[in-house]
Amino acid sequence: MRTVARLRRAGLPYLLLLPALLLELLVHLVPMVIGIVMSFKDLTQLFLGNWGAAPWKGLGNYRVTVDVDAPVGATLLHSFVVTCAFSVLTVGLCWLLGTAAAIFLQENFRGRGLLRAVFLTPYALPIYAAVITWAFMFQRDNGLVNHVLHDQLHLTDGRPFWLLGDNSFLALLVVAVWKTWPFAFLVVMAALQNIPKDLYEAAALDGAGMVRQIRRITLPSLRPINQVLVLVLFLWSFNDFNTPYVLFGKAAPEAADLLSIHIYQSSFVTWNFGTGSAMSVLLLLFLLVVTAGYLLATSRGRKHADA
Amino acid sequence: MPSDTVRAPRTAGRRRSPTAPPRSFLWTRRIFLTALAGFVLLPVYVMLSSSLKPLEDVSGAFRWLPSELTVRPYLDIWHTVPLARYFTNSLIVAGSATLCSVTVAVFAAYAVSRYQFRGKRIFTVTVLSTQMFPGILFLLPLFLIYVNIGNSTGVALYGSRGGLILTYLTFSLPFSIWMLTGYFASVPRELDEAAYVDGCGPLGALFRVVVPAALPGIIAVAVYAFMTAWGEVLFASVMTNDTTRTLSVGLQGYATQNDVYWNQVMAASLVVSVPVVAGFLLLQRYLVAGLTAGAVK
């Protein structure tokens with residue numbers, strides 16, 4: 001009886017995990033394995049309904065996607081560069097806005113609670129509703145942006161297109177920053193609450209001004225949280241699909257052709273699932289390498305700081 | 001905050017307390033915060049004001065104020081596209097995905113937060129890392145699986161609500177497990193032990209002690225999972241058909257060959273935002289606490 005009871009106790013955690021394990025298997029592991037297998041097959045629309053019959057292609061899909069002299073590889077490389085630029089800028093701007101807003105709201109003053117709620121609005125709105133509104137604002141003839149820039153401030157020659165051509169990158173960036181920065185704000189705001197108040201008081205008594213206090217106390221205290229925050233923001237913007245899709249539709253303009261939408265386009269518009277899967281496997285590998293490298297670098301930095 | 005009340009009142013006399021910020025800082029703050037609030041609220045204003053405009057106003061050059069106020073767009077949105085059906089679909093899909101992932105996550109999070117067992121690390125690392133994977137990585141194989149199952153067995157997963165719900169678990173399940181583990185870890189073990197002394201088994205301790213103690217957290221996780229599913233676009237754009245379309249895809253229907261009914265688009269955007277914004281505002285405190293607790297750890 002005792003051993004049965006002990007066995008039951010030892011098995012209990014697994015029993016509790018069973019539903020989660022089964023679902024994880026179903027929605028993550030099996031699809032990932034199939035995704036990898038797909039990337040080695042010549043999976044065009046002919047074989048979509050019976051994928052087992054699709055011929056093997058070996059590394060062919062990968063060769064096509066990394067061959068930068070051929071059209072598929074060239075556009076993928078372009079899309080990769082666009083995504084990198086987009087992510088770096090989004091992360092930087094979101095961090096800057098979030099940190100500044102959190103520092104400015106650190107102290108209590110009238111209207112602080114209201115501003116906090118206002119700043120979190122982009123976070124609460126459904127993404128597509130917010131992005132559709134931005135798409136309306138960026139319309140050439142009836143949008144707010146051109147009305148302000150051209151009709152009211154006379155800053156632009158004529159009415160530029162914002163959702164076509166090179167401007168589209170800027171439009172995408174503005175929308176992405178608008179909806180992502182509140183997360184940075186939220187996280188930094190919480191981290192600020194853990195900094196002891198007397199640090200500031202001591203610094204003030206020593207004659208350190210506001211700017212100095214921020215540089216010497218606030219920013220260093222935020223370092224550990226910033227490391228996590230930057231990584232999360234980077235992964236989000238690198239994988240972003242919703243913003244470009246709602247803003248531009250199935251085919252984003254070249255200047256704003258993020259990887260997610262590029263892979264989507266290669267798979268569901270040109271129906272080449274083999275190359276689409278190869279691209280997403282490469283994307284995953286890239287993200288894994290970057291994440292691992294980043295974690296390694298930041299943890300080493302932390303060790304140095306401790307020593 | 002109590003520490004603020006301890007500080008010398010800023011208005012008292014000429015002498016300012018040494019920790020009081022200088023005037024230049026106050027001005028920078030005022031300007032920065034006003035500009036930022038303007039940036040944040042601009043789309044909200046456009047959404048609201050345009051939803052009350054007649055079609056002429058949103059087709060011509062932008063106007064800050066409607067030429068005449070009308071609620072027509074709010075009535076028309078239901079006929080131009082089957083918005084009510086999209087609404088129902090979104091409710092069912094987001095609701096089921098939330099219910100399923102939170103229920104499953106309660107057990108998993110309990111196991112992870114209370115027991116040591118072999119494979120625990122692998123499990124948590126897997127759950128954590130799937131959150132960083134791009135959605136497109138799961139979309140392509142899941143699409144293929146659904147189409148092939150449909151072809152060989154006749155079970156129509158592709159285009160069905162059930163199929164879509166399953167795909168939503170790819171993001172809501174790991175997220176729920178991760179957040180709930182954090183919440184459960186913050187419930188003191190002594191409470192479980194007290195329950196054991198009172199004769200509860202492990203499940204009794206979970207449902208009589210841990211779940212009630214972590215209830216605000218569980219609700220916050222559910223709200224967040226619901227919000228994410230309500231706003232999801234990628235899977236919905238591929239895995240739905242005319243009858244199962246959700247709001248995220250359905251809202252594109254206001255654009256016709258000749259015209260985009262922008263006033264109706266804005267009215268519909270506002271209507272679909274109301275449930276989640278209300279939920280967010282009600283539970284803001286718990287949500288923020290949970291999100292940041294997860295991120296800080």
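This passage describes the interface between chain A and chain B, and then the salt bridges, in a predicted model.

In the contact region, 102 residues of chain A meet 95 residues of chain B, and the area buried between the two chains is about 8,900 Å², with carbon and sulfur atoms giving 78% of this area. Of the area that chain A buries against chain B, 9% is supplied by A:Leu16, A:Phe104 and A:Tyr128, more than by any other three residues. Helix α1 (residues 2–38) of chain A provides the largest share of the side of chain A that touches chain B, namely 20 residues. Sorted by class, that side of chain A holds 72 nonpolar, 20 polar and ten charged residues. Between chain A and chain B there are 15 residue pairs in polar contact, counted where both residues have pLDDT 80 or more, whereas the count of salt bridges between these chains is zero.

Side chains of opposite charge can pair when their charged atoms come close. Over all chains, the whole structure contains seven salt bridges. One of them joins A:Arg159 to A:Asp151 at 2.7 Å, N to O, and A:Asp151 is partly exposed, with a relative accessible area of 26%. In chain B, the side chains of B:Asp76 and B:Arg72 meet at 3.4 Å, N to O; these residues are four apart in helix α4 (residues 72–80) and are therefore separated by about one helical turn. A further salt bridge links B:Arg114 and B:Asp192 at 2.5 Å, N to O. Because B:Arg114 lies in helix α5 (residues 83–114) and B:Asp192 in helix α9 (residues 189–197) of chain B, this pair ties together parts that are 78 residues apart in sequence. B:Arg114 counts as buried at 10% relative accessibility, and B:Asp192 is buried with a relative accessible area of 4%.

Conventions:
Residues numbered from 1 in each chain as written. Chains lettered and ligands numbered in written order. Predicted model: local features only at pLDDT ≥ 70, side-chain atom pairs only at ≥ 80, totals over all residues. Heavy atoms only, no water. Contact = heavy atoms within 4.5 Å. Buried area = accessible area lost by both parts, 1.4 Å probe. Salt bridge = Lys/Arg side-chain N within 4 Å of Asp/Glu carboxyl O. Polar contact = N/O pair within 3.5 Å; in protein donor to acceptor, adjacent residues only side chain to side chain. Helix = DSSP H or I, 4+ residues; strand = E, 2+ residues; numbered from the N terminus. Nonpolar A, V, L, I, M, F, W, Y, C, P; charged D, E, K, R; others polar. Buried < 20%, exposed > 50% of the residue type's maximum accessible area, 1.4 Å probe, protein only.
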